[in-house]
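Let's take a walk through this one together, starting from the inside and working outwards. Keep the sequence and the 3D view open as you read.

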Amino acid sequence: MINYNWDVTSVEVDKADGVVYVNWICFGITEFHREAETGVAAFSPKPNKEGYVPLGDLTSEIVMLWVDYYLGDEGKSSIQTKVSEIIKDVESKPLRTIKL
């Protein structure tokens with residue numbers, strides 16, 4: 001079974017401290033392996049729009065909701081499938097121990 005964890009690694013802001021880019025990571029974790037896929041979500045900040053959240057009030061949870069919306073269910077599923085395929089490929093190969 002693969003468990004997926006999503007997180008925001010950083011944001012890039014414009015001169016007015018509006019978030020323009022969000023760097024995210026998706027980890028796929030099994031008992032024996034961990035794989036990750038990273039990406040960037042682009043935004044156009046609109047400080048005068050209702051619901052705008054100033055940089056000082058942002059949390060990783062709020063920004064992750066933006067990433068969820070940006071990627072959509074299909075995008076997130078595609079990324080998790082990619083991570084899953086890499087993990088399955090790695091775990092399907094036999095390992096051997098070599099003494100150093």
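A nonpolar core, as the term is used here, is a set of buried Ala, Val, Leu, Ile, Met, Phe, Trp, Tyr and Cys residues joined through side-chain atoms within 4.5 Å. Keep in mind that what you're looking at is a predicted model.

With that settled, go to the largest nonpolar core, which has 13 residues. If you want to find the heart of it, pick out Trp6, Val22, Trp24, Val67, Leu71 and Ile79, the residues with the most contacts inside this core. Three elements each put in at least two residues: β1 (3-13), β2 (19-29) and α1 (60-92). The largest share, five residues, comes from α1. Val67 makes a handy spot to zoom in on: leaving aside residues up to four places away in sequence, Val67 touches Val22, Trp24 and Phe43.

Now for the rings. How many aromatic pairs does the structure hold? There are three. Take Trp6 and Trp24 to begin with: their ring centres are 5.3 Å apart and their planes sit at 40 degrees, so this pair counts as tilted. Trp6 belongs to strand β1 and Trp24 to strand β2, 18 residues apart, so to speak a link between distant parts of the chain. Are these two tryptophans buried or exposed? Both Trp6 and Trp24 are buried.

Phe43 and Trp66 make up another tilted pair, at 5.8 Å centre to centre and with 55 degrees between the planes. This pair also links distant parts of the chain, with Phe43 in the loop between β3 (34-42) and α1, and Trp66 in helix α1, 23 residues apart. Phe43 has a relative accessible area of 21%, so it counts as partly exposed. Trp66 is partly exposed too, because its relative accessible area is 25%. Add Tyr70 to Phe43 and Trp66 and you have one aromatic cluster.

Some rings have a charge for company. Look at Phe27 and you'll see Arg34 lying over its face, 4.0 Å from the ring centre. Over at Trp6, the charged end of Lys76 sits over the ring, 4.9 Å from its centre.

Lys76 is a good way into the salt bridges, of which a search of the whole structure finds three. Lys76 pairs up with Asp68, and their closest N and O atoms are 3.0 Å apart. What about their surroundings? Lys76 has a relative accessible area of 19%, so it is buried, while Asp68, at 27%, is partly exposed. The cut-off explains the split, because buried means under 20% relative accessible area.

Next, find Lys82 and Glu37, whose side chains meet in a salt bridge at 3.2 Å, N to O. Here too distant parts of the chain are linked: Lys82 is in helix α1 and Glu37 in strand β3, 45 residues apart. Glu37 counts as buried because its relative accessibility is 18%, whereas Lys82, at 42%, counts as partly exposed.

That leaves Asp89 and Lys93, which form a salt bridge with their closest N and O atoms 3.2 Å apart. Asp89 is partly exposed, with a relative accessible area of 41%, and Lys93 counts as partly exposed at 49% relative accessibility.

Technical notes
Residues are numbered from 1 along each chain as its sequence is written. This is a predicted model: local features need pLDDT of at least 70, side-chain atom pairs count only at pLDDT 80 or more; totals for chains, interfaces and linings use all residues. Side-chain values use heavy atoms; hydrogens and water are left out. Buried means under 20% relative accessible area, exposed over 50%, partly exposed in between (1.4 Å probe, protein chains only). Helices (H or I, at least four residues) and strands (E, at least two) are DSSP runs, numbered from the N terminus. Contact means heavy atoms within 4.5 Å. Rings of Phe, Tyr and Trp (its six-membered ring) pair if their centres lie within 6.5 Å; planes under 30 degrees apart count as stacked, over 60 as edge-to-face and the rest as tilted. A charge sits over a ring if NZ of Lys or CZ of Arg is within 6 Å of the ring centre and within 35 degrees of the ring normal. A salt bridge is a side-chain nitrogen of Lys or Arg within 4 Å of a carboxyl oxygen of Asp or Glu.
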